[in-house]
Amino acid sequence: MSAPKSVYIVVSYAPGFHKLLEYVRKYHPEARITLVHPRGYTATESERKYIDDTVECPSRSLSPPSGWWGLWQLSRELRQRHIDHLGFQYESITLRLFGIACQPKECVAWLGNGQLLQLPLNLRATLADLITHRISGYRVMLAAAWHAYLLGANNEPPERPRR
């Protein structure tokens with residue numbers, strides 16, 4: 001895909017959000033970067049040096065259930081702007097559905113480990129992807145619990161000798 005002209009990044013309160021904006025600026029140096037944030041959010045100084053514009057969500061939260069109405073209104077506004085690239089710091093079902101509703105040309109999650117996760121722009125592929133990853137995650141969690149609590153409880157020596 002060609003270099004985007006408009007990059008919209010949805011605010012995350014996770015640590016290192018300014019690093020995400022720095023990475024996006026390096027990855028798309030010519031693009032206009034717009035910060036999408038809830039009402040009442042103030043960008044920090046380290047965030048402001050990487051963004052060109054902001055778009056405010058009508059609600060105080062981007063999380064369900066209080067933020068759903070604001071996300072719906074915001075998705076209508078962003079759809080009218082015909083954005084090229086919509087990005088998140090992490091992915092969730094709410095953010096994926098919000099991305100589909102905005103109808104960008106490209107929707108991604110810029111993960112903390114530097115990986116860029118392409119998110120599908122249709123509902124069927126999104127739900128199939130989420131179900132596959134959830135099942136895989138639960139399988140890994142159950143295997144870890146099996147080893148830690150059932151097998152490891154009797155076989156592991158204590159970390160410190162008891163007095």
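Accessible area is the surface found by the Shrake-Rupley method with a 1.4 Å probe. By that method, the protein exposes about 10,700 Å², and carbon and sulfur atoms supply 56% of this area. The model is a predicted one, and everything below should be read with that in mind.

Begin with the overall layout. The protein has 163 residues, of which 39% count as buried. Its secondary structure comes to 5 helices and 6 strands. Read from the N terminus on, the elements follow the order β-α-β-α-β-α-β-α-β-β-α. Contacts can also be sorted by distance along the chain: among those between residues at least 6 apart in sequence, 45% join residues at least 24 apart.

Helix α1 is a useful place to enter the structure. This helix covers residues 17–27, and its buried residues are F17, L20, L21, E22, V24 and R25. These buried residues pack against four elements: β1 (6–10), β2 (32–37), α2 (45–48) and β5 (106–110).

Strand β2 contains T34. Is T34 buried or exposed? Buried means under 20% relative accessible area, and T34 counts as buried because its relative accessibility is 2%. Leaving out residues up to four places away in sequence, T34 touches V7, Y8 and I9, and also D53, T54 and V55.

Next come the nonpolar cores. The largest has 18 residues, and those with the most contacts inside it are Y8, V10, L74, L78, L86, F88 and F98. At least two residues of this core come from each of β1, α3 (68–81), β4 (85–88), α4 (93–102) and β5. A second core, separate from this one, has 16 residues, including I9, V11, L20 and A31.

What does V10 touch, apart from its neighbours within four places in sequence? The contacts of V10 are F17, V36, L62, L86, G87, F88, L95 and F98. Among these, F17 is one of the buried residues of helix α1, while L86, F88 and F98 are listed with V10 among the residues with the most contacts inside the largest core.

The surface has pockets as well. The largest has a volume of about 200 Å³. Of the 16 residues that line this pocket, V11, L62, S63, Y90 and L95 are the closest to its centre. By class, its lining divides into 9 nonpolar, 6 polar and 1 charged. V11, which helps to line this pocket, also belongs to the second core.

The second largest pocket holds about 180 Å³ of space. Its lining is made of W68, L71, W72, S75, R79, I93, T94, L97, F98 and A101. Helices α3 and α4 are the elements that give two or more residues to this lining. Of the lining residues, 7 are nonpolar, 2 polar and 1 charged. F98 appears in this lining and is also part of the largest core.

Helix α4 holds one further residue to look at, R96. Where does R96 stand, buried or exposed? R96 has a relative accessibility of 4%, and therefore counts as buried. Not counting residues up to four places away in sequence, R96 touches E91, L117, L119, P120, T126, D129 and L130.

Key. Residues numbered from 1 in each chain as written. Predicted model: local features only at pLDDT ≥ 70, side-chain atom pairs only at ≥ 80, totals over all residues. Heavy atoms only, no water. Buried < 20%, exposed > 50% of the residue type's maximum accessible area, 1.4 Å probe, protein only. Contact = heavy atoms within 4.5 Å. Core = buried A, V, L, I, M, F, W, Y, C linked by side-chain atoms within 4.5 Å. 1 Å grid on protein atoms, 1.4 Å probe; cavity = no way out; pocket = protein on both sides within 12 Å on 5 of 7 lines; lining within 4 Å. Points joined across faces, edges and corners; volume = space filled by probe spheres on them. Nonpolar A, V, L, I, M, F, W, Y, C, P; charged D, E, K, R; others polar.
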